[in-house]
Amino acid sequence: MPETVRKVVFRTPPTANLAPLLLIVAATPFAFAAPLLWLIYIVPVLVIVWIVRNRTTATPDAVVVRSTFAGRTFKWDDIASLKLDNGRVSVVESDGTVTKLPCVRLRHLGLLSQISGGRIPDPAAKPSAEAGE
């Protein structure tokens, strides 16, 4: 019997922080060339904050969406459906509100199905022989 999954976290890989860190190093000669040019450091710092904060955490009870400056929790029973758009996945609530799931792609639908206990159907699952009879 397969082991049950307790929590799945979808996020940008931490190695993505290398690009803004290299941008900080490359910007250093320009940052001190004139007054207020040190503000150029704001851009890579905001990119790092975005990489670290944006994530979707799925548990058997709920889906927790965290964006750069906000967060939201959806109980599985409050989710009416999932919206699939250009490889990205969004949650549609029973009132019609659509919220994007950061870092969740089509290839992750099987994991979402497993963690939700089947409340979200897995589109890649093969139909059982009993369903056709």
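Two strands count as paired if DSSP finds at least two bridges between them. In this predicted model, strands E2 and E3 meet that condition, with four bridges joining them in an antiparallel arrangement. A hairpin of three residues connects E2 to E3.

**Strands E1 to E3**

Strand E2 covers residues 55–58. Arg 55 and Thr 57 point to one side of E2, Thr 56 and Ala 58 point to the other, and all of these residues are buried. On the E3 side, Ala 58 has Val 63 as its bridge partner. E2 also pairs with E1, again antiparallel and over four bridges. There, Thr 57 of E2 is the bridge partner of Val 9.

**The sheet E5-E6-E7**

Three strands form an open sheet in the order E5-E6-E7, paired antiparallel. Its edge strands are E5 (79–85) and E7, each of which pairs on one side only. On average, neighbouring strands in this sheet are turned by 30° against each other, direction ignored. Strands of a sheet pair through backbone hydrogen bonds, either parallel or antiparallel.

E5 and E6 also form a hairpin, with two residues between the strands. Asn 86 lies in that turn and has a positive phi of about 50°. The antiparallel pairings, with one bridge pair from each, are set out below.

| Strands | Bridges | One bridge pair |
|---|---|---|
| E1 and E2 | four bridges | Val 9 and Thr 57 |
| E2 and E3 | four bridges | Ala 58 and Val 63 |
| E5 and E6 | six bridges | Asp 85 and Arg 88 |
| E6 and E7 | four bridges | Val 91 and Thr 99 |

**The nonpolar core**

The largest nonpolar core has 17 residues. Those that touch the most other members are Phe 10, Trp 76, Ile 79, Leu 101 and Leu 112. At least two residues of this core come from each of strand E1 (8–11), strand E3 (62–66), strand E6 (88–93), strand E7 (98–105) and helix H3 (109–115). In soluble globular proteins, nonpolar side chains tend to be buried together.

What does Phe 10 touch, leaving aside residues up to four places away in sequence? Its contacts are Arg 55, Thr 56, Ala 58, Pro 102, Cys 103, Val 104, His 108, Leu 111 and Leu 112.

**Helix H1**

Helix H1 spans residues 18–31, which is 14 residues. From its first C-alpha to its last it reaches 19 Å, close to the 20 Å expected at 1.5 Å a residue. H1 bends by about 25° at Val 25, and Pro 29 follows within four residues. Pro 20, Ala 27 and Ala 31 are buried in this helix. Helix H2 (42–53) is included in what covers the buried residues of H1. An α-helix has 3.6 residues a turn, so residues three or four places apart point the same way.

**Positive phi at Leu 36 and Cys 103**

Most residues other than glycine have a negative phi. Leu 36, in the loop between H1 and H2, has a positive phi near 70°. Cys 103, in strand E7, has a positive phi of about 70° although it is not a glycine.

Is each of these two residues buried or exposed? Leu 36 is exposed because its relative accessible area is 58%, and the cut-off for exposed is over 50%. Cys 103 is buried because its relative accessible area is 16%, and buried means under 20%. Cys 103 is also one of the residues that Phe 10 touches.

Terms used. Residues numbered from 1 in each chain as written. Predicted model: local features only at pLDDT ≥ 70, side-chain atom pairs only at ≥ 80, totals over all residues. Heavy atoms only, no water. Expected span 1.5 Å × (residues − 1). Bend = angle between axes of the 7 residues up to and from the residue. Buried < 20%, exposed > 50% of the residue type's maximum accessible area, 1.4 Å probe, protein only. Contact = heavy atoms within 4.5 Å. Core = buried A, V, L, I, M, F, W, Y, C linked by side-chain atoms within 4.5 Å. Axes fitted to C-alpha atoms, helices over the stretch in contact; angles between N-to-C directions.
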